[in-house]
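Student: Could we go through the cysteines in this one together? I'd like to know how they are placed and paired.
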Amino acid sequence: LQKSSAKLLIDPHLPCRAKTNIMFLKTHKTASSTILNILFRFTEKNNLTIALPANQLAHLGYPETFTTRFVEEFQTIGQNYNIMCNHLRFNLLEVQKVMAENTFYFSIVRNPVSQLESSYVYYKDAAPAFRTSKNVNEYLASPMSYYHKVNYKQNIYAKNNMWFDFGYDNNAEDDESYIQAVLQEIEQNFHLILIADYFDESMILLKHMLCWDLDDVIYFKLNSRKEDTVQTLTPESKERVKVWCSLDWKLYLHFNQTFWKRIQEVMGLEELEKEVNSLRARQKELMQTCLSDQRPVEKTHIKDKALMPYQSGAASILSYNLNQDLDNKSLRSCQKIVMPELQYMSYLYALQHPHKKRKQLGFP
């Protein structure tokens, strides 16, 4: 187990300065693509440096454990990156070589019941354990018939995926003292763990912790999928997830508690509710400005193919159509808030590394 000293850096009574050194551990199927977009926009707006995947990589080496060689130009830039947020498998000592000492570390977790269903649909073709079962309920009725440890590198999405992303063994035994040691270590390594199930509340808490403005955490939901691709779990399946992904379940329960404790310390529930309402009002206002349909549309209805998100598995990933009559400035900021992850990353890569060959995304 690695050791670190991530301690709370905030006093609610002191005026604070916006934090610009930030490491976000992007976990899978936890609304993390939306957070990535927030961080990408913040990077661009404040002219910051970002640790992007090297060469033609789309991730920082995932599912390999992270090392500095996965970061573009680490040899020349060294520890002078402000932001790190692409998918990686957490490895504190290597991340610390890339990020400054005063970096703010945060991540996000989600209820494993809905997280596993989302993974099942999204990674249906990628994970051997999912591929051979008919649907998520069949898989959960007898996961060991489909899940083989030999394939664990291909099957990371099929069991305790969040535990794996944090850098731990997703096939470890559910041993109380081991789990407590890991949870304690995550608390030491990260200043904040958000909860995807309370996304707006999470954005408000993040805004406070980073001393950002409301507009810095405004978002449109990205990488969401069409309703009819969501599979309904039976009550039995829901209970089975908690046993099958017991490490993720305990991770979630623990950080769901620390999240609400932190809310109480930083602002209290009344202030939280006020700010969540402001966030939603501002979001609605921006949707009216930016979007021709006030909601995401399915892939066949996306007019600008440059805004087509990566499509995976059996999930139909939605995107947005922008208003036609936007002035140039509004058009640019509206494009950024709806820009899918791979396109935005590729754009920032070209901006930051103009002499390198552009990322080949393999789709518009």
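Student: Is Cys 16 buried, exposed or partly exposed?
Tutor: In this predicted model, Cys 16 is partly exposed, since its relative accessible area is 45%, whereas Cys 211 has a relative accessibility of 14% and counts as buried.

Student: And what do Cys 16 and Cys 211 form?
Tutor: Cys 16 and Cys 211 form a disulfide, with their sulfur atoms 1.9 Å apart, and with -125° about the S-S bond this link is left-handed. Cys 16 lies in the segment before β1 (22-25), while Cys 211 lies in the loop between α10 (199-210) and α11 (235-244), so the disulfide ties together parts that are 195 residues apart in sequence.

Student: How many disulfides does the structure hold?
Tutor: The structure holds two, and the other cysteines to look at here are Cys 290 and Cys 334, which are joined by a disulfide with an S to S distance of 2.0 Å. Because the torsion about their S-S bond is about -75°, this disulfide is left-handed.

Student: Where do Cys 290 and Cys 334 lie?
Tutor: Cys 290 lies in helix α13 (residues 268-290) and Cys 334 in helix α14 (residues 328-338), so the pair ties together parts that are 44 residues apart in sequence. Both Cys 290 and Cys 334 are buried.

Student: New topic: which cysteine sulfur is nearest to Cys 85?
Tutor: That of Cys 211, which is 19 Å away, and Cys 85 is in no disulfide. Cys 85 counts as buried, with a relative accessibility of 0%.

Student: Cys 245, buried or exposed?
Tutor: Cys 245 counts as buried, at 3% relative accessibility.

Notes:
Residues numbered from 1 in each chain as written. Predicted model: local features only at pLDDT ≥ 70, side-chain atom pairs only at ≥ 80, totals over all residues. Heavy atoms only, no water. Disulfide = S-S within 2.5 Å. Helix = DSSP H or I, 4+ residues; strand = E, 2+ residues; numbered from the N terminus. Buried < 20%, exposed > 50% of the residue type's maximum accessible area, 1.4 Å probe, protein only.
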